[in-house]
Amino acid sequence: MSNDNPGFSTLAVHAGAQPDPTTKARITPIYQTTSFVFDNADHAAALFGLQQFGNIYTRIMNPTQAVLEERVAALEGGTAALATSSGHAAQLLIFHTIMQPGDNFVAAKRLYGGSINQFGHAFKSFDWNVRWMDTSDPSSMEALIDDKTKAVFIESLANPGGTFVDNAAIAEIAHKHGLPLIVDNTMASPYLVRPLEHGADIVVHSLTKFMGGHGNSMGGVLVDGGTFDWSKSGKYPMLSEPRPEYGGVVLHQTFGNIAFAIAARVLGLRDFGPTIAPMNAFLLITGIETLPLRMQRHCENALAVAQWLKKHPKVSWVNYAGLPDDPNHALQQKYSPKGAGAVFTFGLKGGYESGKNFVESLKLFSHLANIGDTRSLVIHPASTTHRQLTPEQQVAAGAGPDVVRLSVGIEDVSDITADLEQALAKA
Ligand SMILES: *Cc1c(COP(=O)(O)O)cnc(C)c1O
């Protein structure tokens with residue numbers, strides 16, 4: 001690139017990629033191969049000993065995956081990234097790099113439901129323990145931290161219903177206690193929010209959502225901010241102690257500001273194996289090229305739909321941080337001035353049955369458990385994702401019987417509101 005400091009849209013199209021050196025193919029090829037030939041025995045030994053970077057076996061690294069990683073690292077402003085088979089796989093590799101049995105971490109109460117399950121149930125079998133915090137009061141997390149606490153985890157724009165979190169205030173408290181801040185940036189995408197600029201140390205994404213953007217591929221990524229000192233406290237032995245499986249190399253010493261991403265690859269991805277398929281990496285790279293354009297349209301449409309719903313007689317409330325009178329509007333203006341995202345909730349008069357009828361009457365909207373597609377999506381949490389909870393728990397989780405969640409797509413906004421209108425008439 002001729003400009004040393006290319007803009008976000010230029011990076012979204014070009015970062016990490018160049019014409020294929022052997023075939024001159026302009027688009028990044030799908031390197032559909034399991035393994036890569038060594039130049040000679042010394043080359044093989046250097047690769048296995050971490051003395052030289054290079055491809056060995058697609059479980060650990062693949063050239064299509066590498067383009068995806070460089071592109072996301074560039075968009076987030078990180079030093080390196082590691083792509084995985086899903087967002088949940090990226091979260092597993094992050095915590096595996098940080099935690100020892102018996103350790104704990106602090107996580108926001110308001111999270112994607114799958115993350116609440118992963119942290120609260122699956123991680124227990126590793127004896128990694130989660131402590132839930134109320135992010136609307138960042139100082140409340142201090143009481144949750146002890147000498148076994150290893151990290152703090154939040155979403156920049158949180159589920160359910162799109163609430164912006166005070167990233168910088170939480171980073172400051174985490175750092176005061178010598179802890180890294182991990183931010184799930186799935187709902188916002190780096191087009192709207194760049195958490196590393198607000199004090200995050202690691203960013204994680206489900207690429208399945210807005211990044212890929214077309215609802216066609218699962219994928220995840222972790223981004224190393226390159227700023228956290230993993231050696232200082234002795235709390236992160238995976239990074240600061242000699243690794244027996246690599247001849248005693250100390251990863252933080254050898255790899256400096258990319259040590260976290262390297263550790264997650266050579267200790268986590270290598271041994272657990274949640275590798276992204278080259279085909280999925282290719283589809284995600286292609287999706288990311290239009291991220292800025294799609295996010296602009298998603299945000300424009302979502303704001304118009306939120307304003308429209310707010311005036312509708314069958315709607316009791318709308319939670320969208322982009323509305324000037326929303327309680328979350330000031331944080332949105334601070335962290336995400338380009339827009340408030342595309343996912344939000346609203347309340348239907350008439351409760352549970354009304355919510356079910358409404359969702360079943362929509363035609364343009366797809367009724368499914370996903371967000372961040374080009375298509376408009378809808379779910380009624382009380383009859384689906386949150387149906388196992390008691391009525392009190394549903395309300396506490398922001399999933400009461402009247403709540404509908406939308407992920408507003410990039411179609412013509414007049415078609416989106418027309419579909420909502422005819423379904424509201426039947427609700
Ligand atoms: C979907 C999602 C995840 C999990 O990602 P998968 O790709 O489904 O594994 C994590 N965090 C958020 C905010 C999500 O929306």
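Me: A polar contact is a pair of N or O atoms within 3.5 Å; in this predicted model, how far is a nitrogen atom of the ligand from an N or O atom in the side chain of aspartate 184?

Reply: The cut-off for such a pair is 3.5 Å. Aspartate 184, which is listed among the closest residues around the ligand, offers an N or O atom of its side chain to a nitrogen atom of the ligand, and the separation of these two atoms is 2.6 Å.

Me: What percentage of the area that the ligand exposes when taken alone does the protein bury?

Reply: An oxygen atom of the ligand has a polar side-chain atom of threonine 208 at 2.7 Å, and a backbone N or O atom of histidine 88 lies 2.9 Å from an oxygen atom of the ligand. Taken alone, the ligand exposes 380 Å², and the share of this area that the protein buries is 94%.

Me: Which helix gives the largest share of the shell around the ligand?

Reply: The ligand is surrounded by 14 residues, and by class they comprise 3 nonpolar, 8 polar and 3 charged residues. The largest share of that shell, 3 residues, is contributed by residues 87-98, that is, by helix α4.

Me: Which residue of β14 is the bridge partner of phenylalanine 344?

Reply: Strand β11 covers residues 343-348, and 6 of its 6 residues are buried; Phe344 lies on one side with Phe346 and Leu348, while Val343, Thr345 and Gly347 are on the other. The strand pairs in the antiparallel sense with β14 (residues 403-407) over 5 bridges, and within β14 the bridge partner of phenylalanine 344 is leucine 406.

Technical notes: Residues are numbered from 1 along each chain as its sequence is written. This is a predicted model: local features need pLDDT of at least 70, side-chain atom pairs count only at pLDDT 80 or more; totals for chains, interfaces and linings use all residues. Side-chain values use heavy atoms; hydrogens and water are left out. Buried means under 20% relative accessible area, exposed over 50%, partly exposed in between (1.4 Å probe, protein chains only). Helices (H or I, at least four residues) and strands (E, at least two) are DSSP runs, numbered from the N terminus. Two strands pair if DSSP finds at least two bridges between them. A residue is near a molecule or strand if one of its heavy atoms lies within 4 Å of it. A polar contact is a pair of N or O atoms within 3.5 Å; within protein, one must be able to donate a hydrogen and the other to accept it, and residues adjacent in sequence count only if both atoms are side-chain atoms. Accessible areas come from the Shrake-Rupley method with a 1.4 Å probe; for residues, only the protein chains shown count as cover. Ala, Val, Leu, Ile, Met, Phe, Trp, Tyr, Cys and Pro count as nonpolar, Asp, Glu, Lys and Arg as charged, and the others, Gly among them, as polar.
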